[in-house]
Amino acid sequence: MVADTPADRAGLEAGDVIVAVNGFQVGIVNGDHYDCGYEFENRADTDGNVKLLVQDHRTHGLVNLPMKLES
């Protein structure tokens, strides 16, 4: 993970899996690909904030993480 990036500040670590962005599932869903970058751009509020649902690579549990995108 690159230091001092939005992902780093949100607490994401290498191996974590982003499952949803603001409630919209990303990845392969029913055979269709939903791109994480596209969802970031289209789901962020006017200040660049999004909420992520992430599967933690250590515990395999799901956690909600707020993240502020850079412009």
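**Strand pairing around β5 and two individual sites**

In this predicted model, A20 stands opposite L53 in β5. This pairing belongs to the contact between strand β1, residues 17-21, and β5, which run antiparallel and are joined by 4 bridges. Strand β5, residues 49-55, is also joined by 7 bridges to strand β6, residues 62-68, and these two strands likewise run antiparallel. Strand β5 is therefore paired both with β1, through 4 bridges, and with β6, through 7 bridges.

Individual positions can be followed across the pairing of β5 with β6. The bridge partner of V50 in β6 is M67, and K51 stands opposite P66 in β6. The hairpin formed by β5 and β6 has 6 residues between the strands, and within this hairpin H60 takes a positive phi near 65°.

The side chains of β5 alternate along the strand, with V50, L52 and V54 pointing to one face, where they are buried, and N49, K51, L53 and Q55 pointing to the other, where they are not buried. Read against the pairing, V50, whose bridge partner is M67, belongs to the buried set, whereas K51, which stands opposite P66, belongs to the set that is not buried. L53, the residue opposite A20, also has a side chain on the face that is not buried.

The loop between β5 and β6 contains D56. With a relative accessible area of 11%, D56 falls under the 20% limit and therefore counts as buried. A polar atom of the D56 side chain lies 2.7 Å from the backbone nitrogen of R58. When residues up to four places away in sequence are not counted, D56 touches D16 and G61.

A second site was examined at G27, which is placed in strand β3, residues 27-29. The relative accessibility of G27 is 25%, a value between the 20% and 50% limits, and the residue therefore counts as partly exposed. G27 touches D32, H33 and Y34, again not counting residues up to four places away in sequence. Between G27 and V17, which are 10 residues apart in sequence, the C-alpha to C-alpha separation in space is 9.5 Å. The two sites thus fall in separate accessibility classes, D56 being buried at 11% and G27 being partly exposed at 25%.

Technical notes
Residues are numbered from 1 along each chain as its sequence is written. This is a predicted model: local features need pLDDT of at least 70, side-chain atom pairs count only at pLDDT 80 or more; totals for chains, interfaces and linings use all residues. Side-chain values use heavy atoms; hydrogens and water are left out. Buried means under 20% relative accessible area, exposed over 50%, partly exposed in between (1.4 Å probe, protein chains only). Contact means heavy atoms within 4.5 Å. A polar contact is a pair of N or O atoms within 3.5 Å; within protein, one must be able to donate a hydrogen and the other to accept it, and residues adjacent in sequence count only if both atoms are side-chain atoms.
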